[in-house]
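Here is a short briefing on one protein chain. Keep the sequence and the 3D view open as you read.

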Amino acid sequence: MNKRRALAVAGIAAGSLVAIVILAAIVGWHILMSRPSIKFLLTNSGFRDPADYVKSEIVIHVKGEPVPVMVYRHPKAVSDRYFILQHGLTPEGHKHPKIDRFAASLCEATGMNVLIPYVRGSVEGGSLEDAYRRMAEIYTAASERFPGRYRAFGACIGANILLVALRRVSPKIYPEKIFLLGPFFRGDSLFSFYNRLTRPEDIDIMVKMAITLNMNVFSEKEKELIRRAIASSKPGPTDRSEMKKILGEKLFNDIAVVKLHHRDFESIGPETMFSPAQSRCRYFILHSKNDNIIPYFEGRNLAAFMRRSGISTRFLGTEILDHAENQTSVSGFVAEMKHLIRFFDELFEGDIAI
């Protein structure tokens, strides 16, 4: 009996220990999830799915033209903060799965409202000056439709185009914070880097396809194939074999080795992106050390210039958030977690509405 009683007691103790561990894990998880920066990172990186947000699509009119806008709101928060996101070069535009998760994660974690307007021309090609004007007009119209305090986000080449475009808006509505993911410092130095690469696979073919739409090296028939290839691309690194099927081997190879030159892109630099009127804005730059579109040193050099110029700048190099995927390994996430938490704590400071 004593032995049976001892086993029973041991079983109860073991069960209690398991219950305590489970309870501690639940409490720990709730504590973690109560911190907006951690909640955003876990959700945006794919460790959990966002839940507390409401998404809808509305239309605003910009110079008489309808512009679709995805709107994200938190069901339990009232906020006058609006985070406007600039989508990248993708056929999904403002509905791309990656930027959708980013917006939902941001809204759920902070309670801020998030807007993603569709900017026409990302696939069709066209003048960068027209893109600057259009983006400035859309931003202005959005701020009139949704009055409040604005933050903005742009990634890759789109981050720089966003900065140039925002110079055209009134200083009264210029964002108080701007988050840039993988931007470049100077267009001429970036193109020089591209043109020095000896292996075509060292750069995502999407970059060359997008830029050559605005160059005079290919015929209209060839450009139409390039547009079709861009429109068929999927999230993540561009599938080169799929692009080759659409473009044909000759055009694919021509694009892979073409020397890039574009006056509008190459003219982008600090003098076109910043002005004294934006001195109240705080800039946050995150750049992947594994970036295969904009090299890491470009973002680092941009941040260094901004600091020297007295512009409020926070820079972090990371191996987690990049242009290809949001997901990462658990070990990689844990290794960088403390730095990322600090970065997003600063980005979200004063904006939490839940």
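**The start of helix α7**

At the start of α7, a side-chain oxygen of D204 comes to within 2.9 Å of the backbone nitrogen of M206. This is a predicted model. The points below begin with that helix and then move through the rest of the chain.

**Helix α7 and its cover**

- Helix α7 spans residues 205-212, and 8 of its 8 residues are buried, so the helix is largely enclosed by the rest of the structure.
- The buried residues are I205, M206, V207, K208, M209, A210, I211 and T212.
- What covers them? The cover includes α6 (187-196), α8 (220-231), α9 (240-247), α10 (249-257) and α11 (263-266).

**The chain as a whole**

- The chain has 14 helices and 8 strands.
- It is made of 354 residues, and 51% of them count as buried.
- Take the contacts between residues at least 6 apart in sequence: 76% of these join residues at least 24 apart.
- The accessible surface comes to about 16,700 Å², and 57% of that surface belongs to carbon and sulfur atoms.

**How confident is the prediction?**

- The average pLDDT of the chain is 85, and 83% of the residues score at least 70.
- Residues 19-30 are a weak stretch: pLDDT stays under 50 there.
- For residues 19-30, the model has 2 contacts beyond four places in sequence.
- Where pLDDT is low, the predicted coordinates should not be read in detail.

**Salt bridges**

- How many salt bridges does the structure hold? The structure holds 21.
- One network of salt bridges links D80, R81, R149, R151, E176, K177 and D351.
- Within this network, D80 pairs with R81, and their closest N and O atoms are 2.8 Å apart.
- R81 also forms a salt bridge with D351, at 3.0 Å between the closest N and O atoms.
- R81 lies in strand β3 (residues 81-85) and D351 in the segment after α14 (330-348), so this pair ties together parts that are 270 residues apart in sequence.
- Are these residues buried or exposed? D80 is partly exposed, at 35% relative accessible area. R81 is buried, at 14%. D351 is buried too, at 2% relative accessibility.
- Another salt bridge joins the side chains of R227 and E224, at 3.5 Å from N to O.
- R227 and E224 both lie in helix α8, 3 residues apart, or about one turn of the helix.
- An α-helix has 3.6 residues a turn, so residues three or four places apart point the same way.
- E224 is partly exposed, with a relative accessible area of 40%.

**Nonpolar cores**

- The largest nonpolar core has 59 residues.
- Which members touch the most others? They are L115, I178, Y194 and Y283.
- Setting aside neighbours within four places in sequence, Y194 is in contact with I203, V207, L260, I293 and I294.
- V207 is also one of the buried residues of α7.
- A second, separate core has 31 residues, among them M70, L85, L316 and F348.
- In soluble globular proteins, nonpolar side chains tend to be buried together.

**Three loop residues to find**

- Where is H74? H74 sits in the loop between β2 (65-73) and β3.
- H74 counts as buried, at 8% relative accessibility.
- A polar atom of the H74 side chain lies 3.0 Å from the backbone nitrogen of K76.
- Leaving aside neighbours within four places in sequence, H74 is in contact with D52, C107, E108, G111 and I354.
- Most residues other than glycine have a negative phi, and most peptide bonds are trans.
- K63 is not a glycine, yet its phi is positive, at about 55°.
- K63 is in the loop between β1 (54-62) and β2, and K63 is exposed, with a relative accessible area of 68%.
- C156 is not a glycine, yet it has a positive phi of about 60°.
- C156 is in the loop between β5 (149-155) and α5 (157-166), and C156 is buried, with a relative accessible area of 14%.

Technical notes: Residues numbered from 1 in each chain as written. Predicted model: local features only at pLDDT ≥ 70, side-chain atom pairs only at ≥ 80, totals over all residues. Heavy atoms only, no water. Buried < 20%, exposed > 50% of the residue type's maximum accessible area, 1.4 Å probe, protein only. Helix = DSSP H or I, 4+ residues; strand = E, 2+ residues; numbered from the N terminus. Contact = heavy atoms within 4.5 Å. Polar contact = N/O pair within 3.5 Å; in protein donor to acceptor, adjacent residues only side chain to side chain. pLDDT = per-residue confidence, 0-100. Salt bridge = Lys/Arg side-chain N within 4 Å of Asp/Glu carboxyl O. Core = buried A, V, L, I, M, F, W, Y, C linked by side-chain atoms within 4.5 Å. Areas by Shrake-Rupley, 256 points an atom, 1.4 Å probe, with all protein chains shown as cover.
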